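Here are some notes to read alongside the model. Take them in order, with the structure open beside you.

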Amino acid sequence: MTETTHPETRIIAGLSEVIDAYDGLLVDLWGCVHNGIEPFPKAVDALLHAVRQGKQVCLLSNGPRRGSVLIARLDGMGVPREAYHHVMSSGEAAWAALAERADPFHAALGTRCYRMGPARDASVHTDNGLVLVDAIEAADFVLCTGIVEDSETVADYEPLLQAALARNLPMVCANPDLVVHIGERLTICAGSLALRYQELGGAVSYHGKPYPSVYHQCFRLTGIADRSRLLAIGDGLRTDIMGANHMGLDSAFLSAGIHIDALGDTPPEPAAVMAEAQGVGAYPTYTLPRLRW
């Protein structure tokens, strides 16, 4: 069997080098526009430049909250609404799937939901017919939105996961990310818990990047049907770049995000990026350390 080869990523200094090739941007939030505490000024400046050039900017987050909650959070951080047109999130996609029950997996779920995650993620299970329960034993399924305390590990959740598995409870994961930087600290996300549940033999439905449903929502929001005219931007090879690959989109990989330990915080060599990419199976069109114009 012939091994598939992939074009080497192009290292760029900023978005301005390639923006003319695109009509719209699908931009990751955490690690790209902000670090969970404050925005990155150069990233916000890049988005403002893109909007002024007539580009559609859709923020595409794996945050386990509805879009309206994310917009309020951006307002609180001081990210101007003029820097983007639309917000789509994994939490919004999960909320809709649980409300609509349009596919066999979600149609078979009951309404009694055990939330594995913090209270701040309540928007995902509010006003869509769900009843939140306090014990695994009373649940029809598990809604996984993340960890409660930033210092927690997958091992801390092993008893809960085992209890859910013993009852054969399906899981809905509202954030496929494995890890995220909060400030300078790397913290696990819901995806790490869902992955462990799958390893144990549990059934999981994921919402968010790299899965297709959120991208189709972005195509609808931006009104851009020609995928060659959309650029996906993010710091996660497994989510942002793999999702772009699956959907036939060009991508810009921010190498100084969650892959900073492997690639550093300065422009990396293309060969180093491709080696890291090959380990994941996701290949970026462009690479730059951080989002800037």
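1. Let's start with the salt bridges: this structure, which is a predicted model, holds ten of them. As background, side chains of opposite charge can pair when their charged atoms come close.

2. A good one to find is the bridge between the side chains of Arg-65 and Asp-121, with N to O at 3.0 Å. Which parts of the chain does this pair link? Arg-65 lies in the loop between strand S3 (56-61) and helix H2 (67-77), while Asp-121 is in the loop between strand S5 (112-116) and strand S6 (131-133). The two residues are 56 residues apart, so this counts as a link between distant parts of the chain. Are these partners buried or exposed? Both Arg-65 and Asp-121 are buried.

3. Next, look at Arg-81 and Asp-75, which form a salt bridge whose closest N and O atoms are 2.5 Å apart. Asp-75 has 35% relative accessibility and therefore counts as partly exposed, since that class runs between the 20% limit for buried and the 50% limit for exposed.

4. Another bridge joins Arg-196 to Glu-158, and here the closest N and O atoms are 2.9 Å apart. This pair, too, links distant parts of the chain: Arg-196 sits in helix H6 (residues 190-200) and Glu-158 in helix H5 (residues 158-166), 38 residues apart. Arg-196 is partly exposed because its relative accessible area is 25%.

5. Please also have a look at Asp-28, Lys-209 and Asp-240. A network of salt bridges links these three residues.

6. Now step back to the whole chain. Its secondary structure comes to ten helices and 14 strands. The radius of gyration is 19 Å, close to the 19 Å that the globule rule gives for 293 residues, so the chain is as compact as a globular protein of that length. Along its principal axes, the C-alpha trace spans about 55 × 45 × 40 Å.

7. How much of the chain is buried? Buried residues make up 54% of the 293 residues. Of the contacts between residues at least 6 apart in sequence, 73% join residues at least 24 apart.

8. Finally, turn to the surface and the charges. The chain exposes about 12600 Å², and carbon and sulfur atoms supply 52% of that area. Among its side chains, 22 are positive and 34 are negative, with the centres of the two sets 5 Å apart.

Conventions. Residues numbered from 1 in each chain as written. Predicted model: local features only at pLDDT ≥ 70, side-chain atom pairs only at ≥ 80, totals over all residues. Heavy atoms only, no water. Salt bridge = Lys/Arg side-chain N within 4 Å of Asp/Glu carboxyl O. Helix = DSSP H or I, 4+ residues; strand = E, 2+ residues; numbered from the N terminus. Buried < 20%, exposed > 50% of the residue type's maximum accessible area, 1.4 Å probe, protein only. Rg over C-alpha atoms; globule rule 2.2 N^0.38 Å. Contact = heavy atoms within 4.5 Å. Areas by Shrake-Rupley, 256 points an atom, 1.4 Å probe, with all protein chains shown as cover. Lys, Arg positive; Asp, Glu negative; His and termini not counted. Charge placed at Lys NZ, Arg CZ, Asp CG, Glu CD.
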